[in-house]
Amino acid sequence: MARLAQTAGLTDVQQEILATVRDFVDKEIIPVATQLEHKDEYPTQIVEGLKELGLFGLMIPEEYGGLGESLLTYALCVEEIARGWMSVSGIINTHFIVAYMLKQHGTQEQKDTFLPRMALGEVRGAFSMSEPALGSDVSAITSKGVKDGDEYVLNGQKMWLTNGGTSSLVAVLCRSDEGHPEGTAPHKSMTTFLVEKEPGFGEVRPGLTIPGKIDKMGYKGVDTTELIMDGLRIPANRVLGGVTGRGFYQMMDGVEVGRVNVAARGCGVAQRAFELGVSYAQQRQTFGKPIAQHQAIQFKLAEMATKVEAAHAMMVNAARKKDSGERNDLEAGMAKYLASEYCKEVVEDAFRIHGGYGFSKEYEIERLYREAPMLLIGEGTAEIQKMIIGRRLLEEYRFQG
Ligand SMILES: Cc1cc2nc3c(=O)[nH]c(=O)nc-3n(C[C@H](O)[C@H](O)[C@H](O)COP(=O)(O)OP(=O)(O)OC[C@H]3O[C@@H](n4cnc5c(N)ncnc54)[C@H](O)[C@@H]3O)c2cc1C
């Protein structure tokens, strides 16, 4: 049935992985997603299925027990999963970012300790930059890590941790002045700490509290939490990469691949909205014919499908660029911006095609309508993407006069 969002040039292995994931989504996710979402219930069984499929280790190198696949394979899997239920893609996304940061920046000991267990989904990752007073402006972080012998003592409050409760390894970005003189630029005085903890809520480790879940309008099932550090002691060997002052760059590197991932989620949700809209339009009759036969509705479907195609193409381009070893911040920013905006628009059109029924919780589009806005915010808002895109364009097209 899927004619849209095809990807040329995939290997047999990639096609096989995608077919397996699509089958899993159709059989195990779509039939239960809306019910679980309405109950805000964690999809434990689905997560077990993802572990069996090896999805938690999809991009982790084979030497650490992962599948060693590319960012493109990963993004296409995320697109399929988000087509089923966006929250499930959120469960693997933060894990993927932390595994990626470890792979790129971790010490050998950190990779050996965490990556094999992350590949199995035994250790599950979350990352934490945002605080109550900041999200876009990462340089304003106030949480602090201060050296004390062989340890660091962390204090501060973090906000909006996806998988904050269910994860067991959190990459936390803090300010760390040690070794950096007064007046050092904020992005050069930040450090990523690898914080191990028990999954769950309350005091999950001495000095570390995860209060309950934040009640959200959508993106339910997956837990989003605060994180409070009050004299949390972290051994010095849990500084990512072993050196302080590199945290900002490490996190931005992680978020950059995360942007391709959010673009892929936008593609998946938009695809599902299109499927729901095109199906409903052929069943609902008004004025003696299916509404799909009214030109206004056909035009909507045409616009929706075009947006699905365009977003998919940009997302694939951004992933391939990264896989080729090239810098992809421009492409990732564009893909994330376009895919999330188009996703919101396609979902809105599918909602309108459903008429009054779109407003009923019995119809899947109601869930998508509450999920799409999250993609406009996560991994950097539209305004932040446009700042990145604008800056890069001015670098590339510098006036030579
Ligand atoms: C469900 C959910 C899950 C999340 N998960 C995580 C997570 O796992 N880890 C994590 O660290 N964070 C997470 N976040 C936080 C998310 O990254 C931030 O919400 C996001 O970066 C925006 O920050 P903010 O909410 O503080 O908005 P602000 O930064 O306060 O921005 C408010 C508005 O001002 C605009 N704005 C800000 N600066 C500028 C500017 N210079 N020029 C023009 N406009 C500007 C923004 O675009 C936005 O429209 C999550 C958020 C949500 C809602």
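**Exercise 1. A strand pairing.** In this predicted model, determine which residue of strand 7 stands opposite Arg205, and describe how strand 6 and strand 7 are joined.

*Solution.*
Step 1. The residue opposite Arg205 is Leu208, in strand 7.
Step 2. Strand 6 covers residues 202-205 and strand 7 covers residues 208-210; the two pair in the antiparallel sense, over three bridges.
Step 3. Two residues lie between strand 6 and strand 7, and the strands form a hairpin. In its turn, Gly207 has a positive phi of about 85°.

**Exercise 2. Residues with positive phi.** Locate Asp40 and Phe287 in the chain, and state whether each is buried, partly exposed or exposed.

*Solution.*
Step 1. Consider first the general expectation: most residues other than glycine have a negative phi.
Step 2. Asp40 is not a glycine, yet its phi is positive, near 55°. Asp40 is placed in the loop between helix 1 (12-39) and helix 2 (44-53).
Step 3. The relative accessible area of Asp40 is 22%. Buried means under 20% and exposed means over 50%, so Asp40 is partly exposed.
Step 4. Phe287, likewise not a glycine, has a positive phi of about 50°. Phe287 lies in the loop between strand 9 (285-286) and strand 10 (289-290).
Step 5. With a relative accessible area of 80%, Phe287 is exposed, because this value is over 50%.

**Exercise 3. An aromatic pair.** Classify the geometry of the aromatic pair formed by Tyr280 and Tyr363, and state which parts of the chain the pair links.

*Solution.*
Step 1. Seven aromatic pairs are found in a search of the whole structure. In the pair of Tyr280 and Tyr363, the centres are 6.3 Å apart and the planes make an angle of 85°.
Step 2. Planes over 60 degrees apart count as edge-to-face, so the pair of Tyr280 and Tyr363 is edge-to-face.
Step 3. The pair links distant parts of the chain, with the two positions 83 residues apart: Tyr280 belongs to helix 6 (residues 247-283), and Tyr363 to the loop between helix 8 (329-353) and helix 9 (364-375).
Step 4. Tyr280 is buried, at a relative accessible area of 11%, whereas Tyr363 is partly exposed, at 28%.
Step 5. Tyr280 and Tyr363 form one aromatic cluster with Tyr357.
Step 6. Another ring has a charged neighbour: Lys307 lies over the face of Tyr342, at 5.6 Å from the ring centre.

**Exercise 4. The surroundings of Arg83.** State whether Arg83 is buried or exposed, and identify the side chains with which the side chain of Arg83 makes polar contacts.

*Solution.*
Step 1. Arg83 is found in helix 3 (residues 71-84).
Step 2. The relative accessibility of Arg83 is 5%; this is under 20%, so Arg83 counts as buried.
Step 3. The side chain of Arg83 is joined to that of Asp26 by a polar contact of 3.0 Å, and to that of Glu275 by a polar contact of 2.9 Å.
Step 4. Leaving aside residues up to four places away in sequence, Arg83 touches several residues, including Arg22, Val25, Ile30, Gly268 and Arg272.

**Exercise 5. Domains.** Give the domains of the chain, and describe the contact between domain 1 and domain 2.

*Solution.*
Step 1. The chain is divided into domain 1 (12-119), domain 2 (125-245) and domain 3 (249-396).
Step 2. Taken over C-alpha atoms, the centres of domain 1 and domain 2 are separated by 23 Å.
Step 3. In the contact, 24 residues of domain 1 meet 24 residues of domain 2.

Notes: Residues are numbered from 1 along each chain as its sequence is written. This is a predicted model: local features need pLDDT of at least 70, side-chain atom pairs count only at pLDDT 80 or more; totals for chains, interfaces and linings use all residues. Side-chain values use heavy atoms; hydrogens and water are left out. Two strands pair if DSSP finds at least two bridges between them. Helices (H or I, at least four residues) and strands (E, at least two) are DSSP runs, numbered from the N terminus. Rings of Phe, Tyr and Trp (its six-membered ring) pair if their centres lie within 6.5 Å; planes under 30 degrees apart count as stacked, over 60 as edge-to-face and the rest as tilted. Buried means under 20% relative accessible area, exposed over 50%, partly exposed in between (1.4 Å probe, protein chains only). A charge sits over a ring if NZ of Lys or CZ of Arg is within 6 Å of the ring centre and within 35 degrees of the ring normal. A polar contact is a pair of N or O atoms within 3.5 Å; within protein, one must be able to donate a hydrogen and the other to accept it, and residues adjacent in sequence count only if both atoms are side-chain atoms. Contact means heavy atoms within 4.5 Å. Domain bounds come from an automatic or database domain assignment.
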